[in-house]
Amino acid sequence: MARRPLPRILTDSAPLARMANSTSLARSRELARTAADSASDVFHPLITIGRGLRRLGAAGRGRWAETPRDHRGPVAFFVGACVLVVCLVPYGPLLALITVMGAGAWAGRERTPVDTGPGEAERERLRALYEALVPYFSVDGDPGPLYAHDGDWERVFPEYAFDEDGRIERLQLKYPAYFTDGEDQSRVRIEQVLYAKAGRGREYHFAWDELANQLTLTALGALPTDLVAQRFVTSPGETVLGFTDPDAVQRTLPVTAGAERRDAPPVVWRTGQRSTEPHLLVLGQPGTGATTLLRSIALQALQHGDVLVIDGSGTGEYGCLVGRHGVLGVESGLAGALATLEWASHETERRLIAANRARQAGRPAPEDTRRPLWIIADRPTALAHIAVAEGREDPQRWLQVPLRHGRAAQVTVVVADQFESAELLSEPVRAHTKARVVLGPATADEVRAVLGAPPHTTPTASVPPGRGYARLGSAPVLRLQVPATPDPLDDATGQAHRQAVLALLPERTVPADGSGPAEPVTGGHRTTEAGKPVEAREPEAREPEDVSTSTEAGKPVSVRKSAGAAAKPDGGTAADDADGAAPDTEQAGSTAEPVGAAEPVGAASGVRSAKRGETRVVNGSAEAIRAEG
């Protein structure tokens, strides 16, 4: 049977083409598009509210699914009670409807997507960093290497952030489990690569997570340098060395910076009988703030104790402390330093003996043994050079007893010196100073050699004065910024800083020119610092036997002070106060058991001079003079 042909209207496309190209069809399409746009504008609020209600409903269903089955009953009862209360409140349903519509409109608003991915330049920087790490994080034979040339860097960099200049601000990377992250040398190589590729000139902190095999790099901001010396809110036995990063310590102190008052994270050093690091060593380059740190420590120590200062540089940086209450002496000469440190050694022994006898007798330790004594030695190696040239003993020798037994005797030793002279420090100084500070620009190896551990940041070549690192015992290495404590007698010191330091100085007990007595004498009694009157005896007219002098050129002058004697306010020797028995002259290396309290050579400010080879006391230091005429 033959197939019938289709009608012409279905096979010929010419009529359809004419209908599509007709003007009426084009006008109808335009009208439909305009109507749709108008309807979208008119119903846009309803569309937004509907989209928001749909999102809220989905969030509610998800929250209901996450709710445990035993909690669903109470939750349903609470929701029903809320609905009942809303229905009973006047205009409650209307307010609830308005609230629901507002929540739906807020949840259904159109959010402009924010492009959080890296740009083209940032991608190139991350790819270059990935390629630089390939030689260190890849080994031959790894079936699934994380790091390979032309590999996927997005697998190993899960988190990253850039600053406004396009430099890496934070980066978290993964490394293979076979990488030796427990070795310092391996870590240092990776840190050097990251430091070079992330951008030099900034300081970065590296946090190694050995458990998760991840390393987090964070660009650190500069520590504030606007903090000056002030009264810090601390307890006795606590000393603020400076301030560090907020996330490095779990404590803050209220500080004042100009007219602003804020909280700052401090580096607190604890001293006393319970301290595990009772002594401090500070090393740095010249002009990096070591003397500023020692001056700040001295001002804080004077609140609760006495201070002895040895200024080896002899530049008068501690002149503001001379004659102040609690300052037992400020010595810059070799003879005065030897005599002062010898007294400090004997005073440490006396405190130990007195405290031991009191404990054996069941009594508390005497008050004078519980008052802290601070020995601050700035550049003692400079005096060691002079001692060698003059054939005398090293002043550091007398620091051995305070360093070894100072913790039990409430004696604290602070030593500061320069990197160039660090090898000249004595073995007791290096062995017993568990608290360490490094100031100024230093390499990672230098910081490690002083602190015993490498820093977790990359040291920079240019730092402000007082900037460095600190480590207290076996604690982590912390960044440190010392508060500005300049010399108030220096002409270059600003007025604001000068007033801040002068406000912390105790009252002056001796006139600045040293013409007055060291202590007030009234009614034949001398008042000590503890407030107890002591009978004043008239010195006997005899030659002092505790000072051996030599008038021949080139021979050393031996200064020896009895451990149980006390320096008189008029500059007399210790033998003048003895009970008629002159102490035998001992050699410099011998030690005698102290029997009483003694004041340091240097506490007195009187001046006494004599002729014909006699001794004189200038600012408390005994010296020998040649015979005149």
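Where is the place of Glu 393? In this predicted model, Glu 393 sits in the loop between α12 (380-390) and α13 (400-405). Glu 393 is partly exposed, with a relative accessible area of 22%. Its side chain makes a polar contact of 3.0 Å with the side chain of Trp 398. Leu 334 is 59 residues away from Glu 393 along the chain, yet their C-alpha atoms are separated by 9.8 Å.

Two other loop residues stand out by backbone angle. Most residues other than glycine have a negative phi. Asn 213 has a positive value, near 55°. Asn 213 lies in the loop between β3 (203-209) and β4 (214-220). Gln 410 is not a glycine either, and its phi is about 60°. Gln 410 belongs to the loop between α13 and β13 (411-418). Gln 410 counts as buried because its relative accessibility, 18%, is under the 20% cut-off.

Charged pairs were examined next. Side chains of opposite charge can pair when their charged atoms come close. The structure holds 22 salt bridges. One of them joins Arg 187 and Glu 210, at 2.3 Å from N to O. This pair links distant parts of the chain, with Arg 187 in helix α8 and Glu 210 in the loop between β3 and β4, 23 residues apart. Arg 187 is buried, with a relative accessible area of 15%. Glu 210, at 43%, is partly exposed.

Another salt bridge connects Arg 467 and Glu 203, whose closest N and O atoms are 2.6 Å apart. Here too distant parts of the chain are linked: Arg 467 is in strand β15 and Glu 203 in strand β3, 264 residues apart. Both Arg 467 and Glu 203 are buried. A further bridge pairs Arg 262 with Glu 260, with 3.4 Å between the closest N and O atoms. Arg 262 is partly exposed at 22% relative accessible area. Glu 260 is also partly exposed, at 43%. Salt bridges with shared partners tie Glu 203, Asp 245, Arg 467 and Arg 479 into one network.

Internal spaces were then surveyed. The count comes to five cavities of 30 Å³ or more. The second largest cavity has a volume of about 70 Å³. Its lining includes both partners of a salt bridge described above, Glu 203 and Arg 467. Gly 440, Pro 441, Ala 442 and Val 447 are also among the lining residues, as are Pro 459, Thr 460 and Val 463. Strand β15 (residues 467-472) gives the most to this lining, with three residues.

The second largest pocket has a volume of about 540 Å³. It is lined by 20 residues, of which Val 188, Glu 191, Gln 192, Ala 444 and Pro 459 lie nearest its centre. Elements that give two or more residues to this lining are α8 (184-198) and α15 (444-451). The most come from α8, which gives seven. Pro 459 lines the second largest cavity as well as this pocket.

On the surface, Trp 64, Val 75, Phe 78, Val 79 and Val 83 make a nonpolar patch of about 460 Å². Helix α5 (residues 69-88) gives the most to the patch, with four residues. Trp 64 is found in helix α4 (residues 44-66). Trp 64 is partly exposed, with a relative accessible area of 37%. That value is over the 30% required of patch residues, so Trp 64 meets this accessibility condition.

Methods
Residues numbered from 1 in each chain as written. Predicted model: local features only at pLDDT ≥ 70, side-chain atom pairs only at ≥ 80, totals over all residues. Heavy atoms only, no water. Patch = residues over 30% accessible without salt bridge, like charges linked within 9 Å, V, L, I, M, F, W, Y side chains within 5 Å. Areas by Shrake-Rupley, 256 points an atom, 1.4 Å probe, with all protein chains shown as cover. Salt bridge = Lys/Arg side-chain N within 4 Å of Asp/Glu carboxyl O. Buried < 20%, exposed > 50% of the residue type's maximum accessible area, 1.4 Å probe, protein only. Polar contact = N/O pair within 3.5 Å; in protein donor to acceptor, adjacent residues only side chain to side chain. 1 Å grid on protein atoms, 1.4 Å probe; cavity = no way out; pocket = protein on both sides within 12 Å on 5 of 7 lines; lining within 4 Å. Points joined across faces, edges and corners; volume = space filled by probe spheres on them.
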